[in-house]
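Please open the model in a viewer and follow the stops below in order. Each stop gives a selection and a description of what is found there.

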Amino acid sequence: MGGLHNLLKTFFDVEDMMSVFPTLITVGLWNTLQLSVLAMLFAVICGLMLSLVLVSRSWFIRMPAFLYVDLFRGLPAILTILLVGQGLPIAGIAPFGRSPYPYAIMAIGLIQAAYFGEIFRSGIQSLDRSQMLAARSVGMTRRQAMWLIIIPQAVRNVLPASMNQFIIIVKETSLVYLLGLFTFQRELFSIAQDHAANVGNLSALVAAGIIYCAITVPLTHLVNYVDHRLREGPTLARQGEQAMAESGADGSGWALESKAGRAER
Amino acid sequence: MPRDETGKVLGGDRAANAAGEAACAIEIRNLYKSFGHVSVLKDVSLSQRRGEVICLIGPSGCGKSTLLRCINGLEMPTKGHVFVEGQDLTSPQTDIDAVRARVGMVFQSFNLFPHMNVLNNVSIALRHVKKLSRKQADEIASARLRDVGLAGKERARPAQLSGGQQQRVAIARSLAMDPAIMLFDEATSALDPELVKGILAIMRELAVSGMTMVVVTHEMRFAREVADRVAFLDHGAIVEIGPPAAIFDNPQTPRLQEFLAQVL
């Protein structure tokens with residue numbers, strides 16, 4: 001019994017958790033979400049631009065993009081965040097002032113842009129060339145075909161792969177603590193870590209972990225839901241009913257092919 | 001506007017020769033096309049007057065589809081010239097996107113945009129290429145969908161439609177751009193047999209209405225009944241070309257005789 005008690009006391013001290021929970025929610029959660037959402041936006045937008053360069057027909061244009069991807073995927077996140085977040089202001093490049101947030105967002109965004117660039121590239125290249133041909137055949141320019149036809153489908157195709165990256169971003173935001181935070185700037189991890197250090201009990205970290213999961217697990221399901229909805233189209237159910245009701249009679253003389261009509265044969 | 005039967009068959013070549021380039025919807029001069037070391041088209045020349053329907057027949061891999069794609073610049077010739085309505089597609093000065101907007105193309109595998117509903121499939125080029133307002137574009141798109149017998153399907157997704165319905169959307173998508181020329185690349189080859197008739201009926205109606213058409217097809221009956229001229233391609237060259245009666249009833253070359261013996 002003593003062992004189990006010790007275990008519970010070390011990781012699941014409810015009283016301790018309750019004392020840190022309000023701060024975790026009101027300060028930590030908000031800051032973590034803020035960092036995550038902005039880093040995601042940065043990463044997705046830059047990643048998309050990067051992917052367009054990666055699928056360029058010219059080797060000279062593609063090359064720098066491949067180098068970028070290799071570099072930022074190759075470095076540990078902790079190293080990139082320190083180099084960008086501490087290094088830039090020290091080197092006198094401080095476009096965002098003193099707050100560590102913009103630097104952390106930029107660093108995580110740059111790292112993840114490399115991953116998103118590769119994800120979008122594979123999404124674009126997995127599309128059948130016939131989509132491009134069809135778009136060009138109605139007079140679209142290559143650029144129009146890309147933005148109206150190819151990219152919307154590519155984005156949808158890579159949603160599940162992007163989900164993994166979103167989750168990694170949420171977790172990577174904890175590294176912002178490396179850049180030094182004021183009390184009000186602390187996110188989930190740093191609040192929990194401070195608390196744990198102060199009271200000598202790790203339950204606060206477990207509490208933070210529960211909140212991380214509360215963000216990332218629903219994210220998985222949200223992406224699955226959006227993926228499903230995009231694939232099927234919002235009007236599927238209604239259209240299905242219509243097709244059944246019409247049962248082949250569309251009044252055009254070529255009524256053979258409605259879904260219901262086919263099913264009957 | 002149905003055309004006079006003898007007039008269209010006999011008038012075809014003669015009218016084109018007399019009026020020269022201006023009367024030509026399509027003029028192909030000494031076209032060569034190779035992919036790497038594989039030469040797909042060898043010295044193809046063909047002129048097509050406005051309103052003429054030409055069917056391209058021939059064994060698979062003979063270059064029919066490549067020839068078709070050269071006509072709207074989806075493939076660029078290795079050598080030679082393609083004029084569409086007097087504009088040289090091989091000239092760098094030609095705005096090839098503008099030419100494509102006037103040349104409709106229907107593909108074997110439909111190639112609809114799966115992420116859009118049927119109405120948007122038809123109206124997107126109107127909005128972004130012709131720069132029409134959404135309202136104008138939707139009106140035209142709805143009208144073309146009605147023409148192909150798909151009124152009421154505007155909100156459906158392509159995946160919810162049968163192959164025949166998808167091909168009708170593809171035809172409506174091309175027709176919405178008000179093309180001068182329509183290209184059909186084995187438009188019925190991917191369809192279940194019972195759905196072929198409806199598509200051929202639409203194509204026939206288009207031909208009768210005076211549309212300039214180039215039709216790559218394996219439907220020999222369609223070629224015989226609808227085409228003004230039939231061109232037989234083999235190994236990247238036009239082996240025989242002429243009115244359907246001449247091609248089907250009186251083939252001159254052994255290769256065409258052999259081909260017809262196999263398909264008829």
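Select D97(B): this residue is buried, at 15% relative accessible area (buried means under 20%, exposed over 50%, partly exposed in between, with a 1.4 Å probe and protein chains only). The model is predicted, with local features needing pLDDT of at least 70 and side-chain atom pairs pLDDT 80 or more, while totals for chains, interfaces and linings use all residues. Residues are numbered from 1 along each chain as written, chains are lettered from A and ligands numbered from 1 in written order, and side-chain values use heavy atoms, without hydrogens and water.

Add R136(A), whose side chain forms a salt bridge with D97(B) at 3.1 Å, N to O (a Lys or Arg side-chain nitrogen within 4 Å of an Asp or Glu carboxyl oxygen). This pair crosses between chains, from helix α6 (129-137) of chain A to helix α3 (96-101) of chain B; helices (H or I, at least four residues) and strands (E, at least two) are DSSP runs numbered from the N terminus. R136(A) is likewise buried, at 17%.

Next, select R100(B), which also meets D97(B) in a salt bridge, at 3.2 Å. The two lie three residues apart in α3(B), about one helical turn, and R100(B) is buried at 5%.

Move to helix α5 (134-147) of chain B, where E139(B) and K135(B) are four residues apart and form a salt bridge of 3.4 Å. Here E139(B) is partly exposed at 48%, and K135(B) is exposed at 62%.

Finally, display the open four-stranded sheet of chain B, ordered β2-β1-β4-β5 with antiparallel pairing (strands pair if DSSP finds at least two bridges between them). Its edge strands are β2 (38-49) and β5 (87-88).
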